[in-house]
Protein chains: 2
Amino acid sequence: MATGKKEQDASTEEKILAAARIVFTRKGFAATKVRDIAAEADINLSLVNYYFRSKEKLFEVVMAEAVQKLVFEIATIFNDEQLDIPEKITKAINYYIDLLLENPDFPLFLVNEIIAGDDMFTRYAQQNTLFKSHLFRQLYELKAAGKLSVHPVHIMMNVIGMVVMPFLARPLLERNELVKDNEFVTLMNERRKLIPLWLKGMLG
Amino acid sequence: MATGKKEQDASTEEKILAAARIVFTRKGFAATKVRDIAAEADINLSLVNYYFRSKEKLFEVVMAEAVQKLVFEIATIFNDEQLDIPEKITKAINYYIDLLLENPDFPLFLVNEIIAGDDMFTRYAQQNTLFKSHLFRQLYELKAAGKLSVHPVHIMMNVIGMVVMPFLARPLLERNELVKDNEFVTLMNERRKLIPLWLKGMLG
DNA sequence: CAACTTTTTTAAACAACTTTTCAAATTTTT
DNA sequence: AAAAATTTGAAAAGTTGTTTAAAAAAGTTG
């Protein structure tokens, strides 16, 4: 039986993980068959269970990784007391655009599981670090001082929406040739500057 | 075998459809069992196949409906030559907020299947009516006239993002008590006026 | 290096579950 | 009353996650 995790094996275990990342991310938990992962990894079916005990355990690993990537860096930015609101948001936007350009299927994957409510996200993300971050305090203070006319949540929803939505819509946009393959990247790079600009309008 | 579609039966067939809408929308295609639908509809398992031939066919019907609801009304608005850009967008925003307040699970459901790429969406949505609509022509003209500094797609992504994102994020927001149950509706109603306002900033 | 132990890999099969089919029973329509 | 449509329970056919037992490979020890 599988004993330790960290022998000297990087090969098979990592192949499975890599495959799992791809398939789970693309199709979600329910639609993914263990056989799909084995095929993608080009290994024997049984090895998935041998190394990860179960489909669910493997999924948890992949999900934990994803949440980590998504939350950890952002939490740091949000809690940096040196940065003002626009600085924080600009940094966060750039981090996410970078991340999502590399992992375009990420948003669906997470949104999917967030709503599925199996709640891996809630379990793994210490969301208090986000929702009770320094940034949020800054926004609430601004509101209290009468310098922000709307609920801070509006601002956050807009930022997230403006960053993430394009990635969710991407397949649609490209399928309809409204945006060509490489043009999408260009557009997202434009947005690095545009979103902070638009946001200034919302805050001011 | 199931022959025609439109006899005089409204009862069983409609019960199944209603159940399918609920379950498919909430859990997606793969996670939904025909048994779930039968249970939700409170009818015998076999009747699902009797009326809709297969799980997949049933899904297609539900998906087609959803896309219809999502696209048809909007296409009409987008192509109304009497309306200027802000009017069109305001109308569209209100339509979507109404629709999504009634069907909160819609966005995930669609986004899910858009990316799944089984492509029901592309098949059923005559997207040209959206992406080549009068609204788009208006935006491109504005751009050509130098009165809009960014690619029109940016504008569209923002509108969609600002409307849809909150619904995707809702479970997260409520789970973290950042937004209480009824407060969400209030916030979305605020957005009916706010989004057009923010948009004016982007267009001007 | 040869005998052994342990780890890894493989093919097969199990068991549980799911979709679909079927034939008979029931209800509705003509 | 006959015909057609609907409903039902059971079972067939197919998937899917997991287990098993044996083979192969790698590692260890005297």
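This note goes through the predicted model point by point, from the overall fold to single residues.

1. Basis of the model. Because the model is predicted, local features are reported only at pLDDT of at least 70 and side-chain atom pairs only at pLDDT 80 or more, while totals for chains, interfaces and linings use all residues. Residues are numbered from 1 along each chain as its sequence is written, chains are lettered from A and ligands numbered from 1 in the order in which they are written, and side-chain values use heavy atoms, with hydrogens and water left out.

2. Overall fold of chain A. The secondary structure of chain A consists of 11 helices and zero strands, where helices (H or I, at least four residues) and strands (E, at least two) are DSSP runs numbered from the N terminus. Of its 204 residues, 49% count as buried, a word that stands for under 20% relative accessible area, with exposed meaning over 50% and partly exposed in between (1.4 Å probe, protein chains only). Among contacts (heavy atoms within 4.5 Å) between residues of chain A at least 6 apart in sequence, 67% join residues at least 24 apart. The accessible surface of chain A comes to about 10100 Å², and 53% of it belongs to carbon and sulfur atoms; these areas come from the Shrake-Rupley method with a 1.4 Å probe, and for residues only the protein chains shown count as cover.

3. The annotated region. An unreviewed UniProt entry carries the annotation "DNA-binding region" for residues 33-52 of chain A, and such annotations may be inferred rather than shown by experiment. Over this stretch the chain is 80% helix and 0% strand, with end C-alpha atoms 14 Å apart. A:Arg53 lies in the loop between α3 (45-52) and α4 of chain A; its phi is near 70 degrees, a positive value in a residue other than glycine, and A:Arg53 is exposed, with a relative accessible area of 60%.

4. Helix α4 of chain A. The 24 residues of this helix (residues 55-78) should span 34 Å at 1.5 Å a residue, and the end C-alpha atoms are indeed 34 Å apart; the expected span is 1.5 Å times one less than the number of residues. There is nevertheless a bend of about 25 degrees at A:Gln68, the bend being the angle between axes fitted to the seven residues ending there and the seven starting there. Buried residues of α4(A) include A:Leu58, A:Phe59, A:Val62, A:Met63, A:Leu70 and A:Phe78.

5. The loop at A:Pro104. A:Pro104 is found between α5 (85-102) and α6 (106-116) of chain A and is partly exposed, at 31% relative accessible area. Leaving aside residues up to four places away in sequence, A:Pro104 touches A:Phe167 and A:Arg170. Its C-alpha atom is separated by 8.4 Å from that of A:Leu168, although the two residues are 64 residues apart along the chain.

6. Relation of the two chains. Chain B can be laid on chain A with an RMSD of 0.3 Å by a turn of 179 degrees and a shift of 0.1 Å along the axis, which is the relation of a two-fold axis; the superposition is by least squares on the C-alpha atoms of residues with pLDDT of at least 70 in both copies. The copies meet through the same surface, because 100% of the interface residues of chain B are also interface residues in chain A. Of the residues of chain B, B:Gly161 comes closest to the rotation axis, at 2.2 Å (C-alpha).

7. Helix α11 and its cover. In chain B this helix (residues 181-203) has 23 residues and reaches 33 Å from its first C-alpha to its last, close to the 33 Å expected, yet a kink of about 40 degrees lies at B:Arg192, shortly before the proline B:Pro196. Its buried residues include B:Arg191, B:Arg192, B:Trp198 and B:Met202, and the cover over the buried residues of α11(B) includes α10 (152-175) and α11 (181-203) of chain A together with α5 (85-102), α9 (134-144) and α10 of chain B. In α11(A) a kink of about 40 degrees lies at A:Arg192, shortly before the proline A:Pro196.

8. Two residues of chain B. B:Asn158, in helix α10 (residues 152-175) of chain B, is buried at a relative accessible area of 0%. Not counting residues up to four places away in sequence, B:Asn158 touches A:Met162, A:Arg191, A:Trp198 and B:Met202. B:Glu177, by contrast, lies in the loop between α10 and α11 of chain B and counts as exposed at 60% relative accessibility; its phi, near 55 degrees, is a positive value in a residue other than glycine.
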